[in-house]
Amino acid sequence: MHELSIATDIIDSIKGKINVPESLNKVRISASPLSGISYESLTFCFKELCTTKGYTNAILEINIVAVKMTCMQCDNHYESPMLDTYCPVCGNSNYRITDVTPFNIDFIEVEE
Amino acid sequence: MCGECGCKPIDLKHNHEHNHEHNHEHNHEHNHEHNHEHNHEHNHEHNHELTPKQNTSSQQRIEINIPVLENNDYFAKLNRDFFSNRHIFVVNLISSPGSGKTTIVEYLASFYKTSMALVVGDIQTHRDADRARAAGCQSVQIETLGACHLDAKSVAEAVKSLDLNGIKLLVIENVGNLVCPSTYDLGENEKIAVLSLPEGDDKVMKYPALFYRVQTVLLNKIDLEGIVPFDKNKVKSECTMLNPSVNILDISSIKGIGMDTLTSYLSAKMF
């Protein structure tokens, strides 16, 4: 249940960068399967937290980016939203991770 | 344009039925009614991914581009600089409850004595801090009272109660949990996961966020090999797959198996 902590971190981190108006209505973050979060739980916690902080219209949009991998058997490069996966070409389950999207806050949207 | 979702009003005068499907999710309620009749079928699908509010002209987008955990990362950097300046090597010990973290800590405390200190997190009680103290090292307990992980700021606060003179190794024993502590940088030099054999050999791929980030995995209770079902080669293969440079040590903190290898490993990294 660390999603509430993550939601708090999102708000605090944005506040550390800009003065967030109450007209905040969206925060877009990017996450990967290695971000260690439940997307549904985080979305729920974020909405609840924003309500208590006066950002009553704010929603969280999560841009889920698959992990990039290389198959250790056939050298195929592929992407997967799961880590327990198989190469789509040869079916081998042994891979190396080549790229993981950072767990980032991308942008916010506010009402003008 | 609809003020609720930004969908176009189309032509309010046309007479056709509106029976097409929306393939995007509306995470708000529609409070407006379509009070016109449509007399022809819409057989196209809506596949647009943008949430409707993005289409409204009154939105201002502000680029942020910072890590989600930037606030924690700030304190983690302060911690790392603080410890580095004092030549203290810091490990963040993460595992599920019951894997043997505190028994490992007891062994290390009896080995390093006054050159080691412990910060330990638990939901409640000072039991683990008491055990480490009895084994010979300074310790401070963080009772999280419900929080499932330690963060960098709580560690910084806890360390204030320790006398760090002569300390070469600081062990942070995280709250027993394979999920939540994995993404929080505490300012450690090394994340170490403990996986004990009775937990089963399926945990690495079940909790990839942790095993992707750790530098070392301690396979604890190795004395139970052959007694409990556990495919050690599978675990090592999956750990290496997530992190090719991971170090894996077979240990039994209760029996003392492999503990000299662990202390040699840590001593070699200490300043």
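Biologist: Happy to look at this one with you! How many residues of chain B are in contact with chain A?

Modeller: Keep in mind that this is a predicted model. Contact here means heavy atoms within 4.5 Å. On the chain A side, 37 residues take part. Their partners in chain B number 33 residues.

Biologist: Which residues of chain B lose the most area to chain A?

Modeller: The area buried between the two chains is about 3200 Å², with carbon and sulfur atoms giving 57% of it. In chain B, three residues that lose the most area together make up 22% of what that side buries. They are I64(B), V68(B) and M241(B).

Biologist: Nice. Which residues form the salt bridge between chain B and chain A?

Modeller: The count between these chains is one salt bridge. Its closest N and O atoms are 3.8 Å apart, inside the 4 Å cut-off. The pair is E109(A) and R61(B).

Biologist: And which element gives the largest share of the side of chain B that touches chain A?

Modeller: The elements giving two or more residues to that side are α1 (70–85), α6 (208–213), α7 (232–242) and β1 (59–67) of chain B. The largest share is nine residues. That share comes from β1(B).

Biologist: Good to know! How many bridges join β6 of chain A to β1(B)?

Modeller: Strand β6 of chain A covers residues 104–111 and runs antiparallel to β1(B). Within this pairing, N104(A) stands opposite P67(B). The number of bridges joining the two strands is seven.

Note on methods. Residues numbered from 1 in each chain as written. Chains lettered and ligands numbered in written order. Predicted model: local features only at pLDDT ≥ 70, side-chain atom pairs only at ≥ 80, totals over all residues. Heavy atoms only, no water. Buried area = accessible area lost by both parts, 1.4 Å probe. Salt bridge = Lys/Arg side-chain N within 4 Å of Asp/Glu carboxyl O. Helix = DSSP H or I, 4+ residues; strand = E, 2+ residues; numbered from the N terminus. Pairing = 2+ DSSP bridges.
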